[in-house]
Each structure stands twice: as structure tokens, then as C-alpha cells.
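Me: I want to go through this model and ask what stands behind each label. Please show it first.

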Amino acid sequence: MTTTAPAPGCPVDESFDPLLPEFLADPFAVMAKAEAPVFFAPSIGYYVLTRYQDIEEVFRDPVTYSAAAAQAPLVPLAPEAQQILLAGGHKPQPSMASLDEPAHARLRKPAARAFSMKRVTAMIPTIEATAAQLLDAVSTEPEFDLVAALAFPLPANIVFSLMGVPEQDYAQLKEWCGYRAALSWGRPAPEDQVEIATSMAAYRRYMRNLVGLKIRTPGDDLASDLIAIHDEAPDRLTLDEIASILFSLSFAGHETTTGLITNTVRRLLEEPARWNEVAAQPGLIPQAVEETLRYDPSVAVWRRVTTRPVTLAGVNLPEGARLYLWLAAAGRDQAAFAEPDRFDLHRPDAERHLAFGKGQHFCLGANFGRLEAQIAVAELARRYPRLRLAPDQEFTFHPNISFRGPQILKVDGGPPGPPR
Ligand code: HEM
């Protein structure tokens, strides 16, 4: 059961609505006015947490703070949509990110084993080649959209290829991932929910069929590695669980990294001296990515729900209180970071950010996502040391609470200059 009324004594902010166009355009302006460490937002029925320390405490105590809310739809779904989802195997806690122990560990352990450092490292040449190929395709255009050219296709193609998805299915999966973001993190209208639910059922069916395909024709890919783990002890990892892990990775390894690449390039270009510095010293790129994760994280919010009454930041929360962990605000908390509103390429402790969560659910693909973003920015900086933002553009953002990055980022290769 979840509670939707504010706890006595808890501040309430009637105006806070993370899906309003003004909020999506500039959440940092709203954040600057949010003074309470925790407040209740009636628009979504969540308690919003704004402080690093409290958010960290929540992540560190999975018994009191269940992950069950992590992917729950923000709005109640129409019965017909719910029915289609359940029949399609998409349960209310649809995958690893929203399961608590011991169900979580059953999926997380084999997934972590298959998502090994060896497999990630082996992908480096493919990531580099794909980034180069994608940028070759726009090399004759003076101005191009970085999202369409690189930030969207790169992580999607890489994670699908890592998993072993046949290339002809990439476009379909990308479309389903968009529906999935709307279902769990947006506010789909009742008339759209049935279509979304039908797509979700097809997406889950696809993953089960992919497992079947890999059993018949194994490849050098993560799906086949998971099947090998299943073969060792079929009770410990069922074929349905493999399909669930693949469902997790196909989404988690995609939108998140698109946003990370786009946000990093945006933040570097909005101050040309930053881009110049990074282009002249590519060794700074990992630091630029880390500072972006602190300053403008691509997963701006994550969620939990209390399993018992608990006092947090001085507020007595009831059992079933849904928590909106504002990761973007944690990165701007001055108790955690000096001058937090300043983007600083040389910040010594940026990597303390909470952009990948913490504890048992800590992002499984953190190093992989970092690597992809670093390679993408490095290839861009090598080709375009004078890259700049195309003038007069207003950024738009997907209407969801968690995944954040401009939908379009127009860049201009800059005036011709000597190659570095
Ligand atoms: C690069 C940007 C990324 C960001 C900002 C990000 C962020 C996050 C966050 C905030 C969580 C929840 C952590 C928690 O509850 O403590 C998470 C979980 C997860 N991430 Fe990422 N992620 C990124 C990339 C990736 C990639 C590339 C993959 C895989 C290919 C991935 C796979 C996962 C999985 C499977 C989980 C669930 C882990 C669990 O429940 O045990 N992520 N991520």
C-alpha cells in the first residue's frame, strides 16, 4: 500500500510538478527555490528529497526503503492497460531495478557476472568504430543535431549489439524503449495507455523469443553468456529471468547514456573555454563526464517507497510513503560540494555524485556508460576542436521525470582551423 496524503508537519509544495513544461525546461530554477530537505508534492503524490545526505541514507537502507516504486507508473493505469501488461508478463515490479532482496539478487548476480569487465573492455573497439562511423555520416554537414547523429544511436546500437540483438531489430527496440519511458516515468493519457501496454507486451515477448533464438544459435554475446550460466544450474537462473535481465539492460543502457553524452557536450560547449580546454587536453574528458553527472545528471530522479514508519530529515514518514530522490539536487547540495552551481572541470570530488545510485542497486552499467560517453566526446573533440553550439536554439526535453537531456542539440563544426 502507498500513502498519498502528506505526513503531519511535512512541508507541502502545491506548485511542484516535474512534468510541467517550465520544470522540464529548467528544473534548476525550481531547485534553487526548494529550501526544505523534504517536502510533499501533491501533483505526483511523492515526498521530494533534495539533500545529498538523506538520499544517500535512503539508498543505503534497502530494508526500510524498498525499490518497488522505482519503475511504478506515476499515474494509475486504466484497467484495460493493466490487464494487457499483466498478460504480457509485465508485472508491477517489472524488473531488477524495482525488486527487493532476495528476488533482486537472483537477477543481479548472474547479470553482473555476464556483464563482466572482459565483455565491457572487449566492446571498446566497437564503440570507437561506431562513433567514428556515425560522425563520418555527418562529416559534410557544417551543422548537425548531435543527438540524432551520435548520442541517440551510439548507446542503443552498442548495448543491443552487446546483448546479441539482431541488427534488423534495433529500430523496433528503440521505439519500444520510448514507450517504456512514457509508461513508467511520464504521464500517458488514458487513450494512449492501451497502445503503450500493447507495445510493452510485445517488447517482453521479443526478449523471451531472443532467449529462444540464442539457445538455438548461441553467439559471442551477453544473452548467450546468460544462457551458459543457466545451463550450469537451471534452477538458479530461469529462461524467463534471462529475458527479464535483457529487458532491463536494453532500456537502462540506452536513454541514460544518450542523455549523458548530450548533457556533457552541452555543458562543455556552453562555455567555449571548456571545450577548448578539453579538446587540447583529452585527458580531461573522464573528468568532464564525471562533473556532468554531478551537475546535470541524465537520470535526474530515482524512486523508493518506505516499508515502515521512519523519520527522515526530521519528518515522520508513514509506511508506504513514496520518495522522489532528486539526484540532480543532490549534486547541487552545498553541504556536499563546494560552489555546487559552478561547472568545474577540475573539481577534485565530482565522482562522489549519486547519479548512478548507491548500494545494492548501484548502476550495473556505470563504467560502461562512462566509457561510451568518454569515447563519444573524445571522437567529437578530435574531429571538431572548434565545435560550438548552433546559435538561437531552445532546448526541449522528453516529458518524463527521470531521464533528462535535450532532445535536439544542434552543433556547428566551427570555423576551419589547423588540425591539432
Ligand atoms: C550512463 C548513464 C547512466 C546513468 C546516469 C544510470 C543511472 C542509474 C541509476 C540512478 C540506477 C538506480 C541505482 C539505485 O537504485 O541505486 C541505475 C540502475 C541500473 N542501471 Fe544504470 N545508468 C546509466 C547507464 C547504464 C548502462 C549503460 C547500463 C547497462 C548497459 C545500465 C544498467 C543498469 C541496471 C541493470 C540497473 C539496475 C541495477 C539493480 O537494480 O541492481 N545503466 N542506473
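Me: Why is Ala-313 called buried, exposed or partly exposed?

Reply: Its relative accessible area is 31%. Buried means under 20%, exposed over 50%, and partly exposed in between (1.4 Å probe, protein chains only). So Ala-313 is partly exposed. One caution on the source: this is a predicted model, where local features need pLDDT of at least 70, side-chain atom pairs count only at pLDDT 80 or more, and totals for chains, interfaces and linings use all residues. Residues are numbered from 1 along each chain as its sequence is written, and side-chain values use heavy atoms, with hydrogens and water left out.

Me: What makes the phi of Ala-313 worth a remark, and where is the residue?

Reply: Phi is near 50°, a positive value in a residue other than glycine. Ala-313 sits in the loop between strand E6 (310–312) and strand E7 (315–317). Helices (H or I, at least four residues) and strands (E, at least two) are DSSP runs, numbered from the N terminus.

Me: Why does Glu-339 count as buried or exposed?

Reply: Its relative accessibility is 53%. The cut-off has been given, so Glu-339 is exposed. Phi of Glu-339 is also positive, near 40°. The residue belongs to the loop between H17 and H18.

Me: How do you know whether Ser-402 is buried or exposed?

Reply: Relative accessibility is 1%, so Ser-402 is buried. It is found in the loop between strand E9 (388–389) and strand E10 (410–412).

Me: What makes the pair Ser-402 and Trp-185 a polar contact?

Reply: The contact joins their side chains at 3.4 Å. A polar contact is a pair of N or O atoms within 3.5 Å; within protein, one must be able to donate a hydrogen and the other to accept it, and residues adjacent in sequence count only if both atoms are side-chain atoms. The distance therefore meets the limit.

Me: Why is Ser-199 in helix H11 called buried or exposed?

Reply: Ser-199 is in helix H11 (residues 190–216). At 11% relative accessibility, it is buried.

Me: What makes Cys-363 a donor of the iron atom of the ligand?

Reply: Its SG atom lies at 2.3 Å from the iron. Donors are N, O and S atoms within 2.8 Å of the metal (3.2 Å for Na, K and Ca); water is not among the atoms, so sites may look incomplete. Cys-363 is therefore a donor, and the only one from the protein. It lies in the loop between helix H17 (327–331) and H18.

Me: Which polar atoms of the protein lie within polar-contact distance of the ligand?

Reply: A polar side-chain atom of Arg-108 is 2.8 Å from a ligand oxygen atom. A polar backbone atom of Lys-358 is 3.2 Å from an oxygen atom of the ligand. For Ala-252, a polar backbone atom is 3.4 Å from a ligand nitrogen atom.

Me: Which helix gives the most to the shell around the ligand?

Reply: H14 does, with three residues. H14 spans 255–269.

Me: How do you know which peptide bond is cis?

Reply: From Glu-101 to Pro-102, omega is near 0°, and the bond is cis. Pro-102 is placed in the loop between helix H4 (79–87) and H5.
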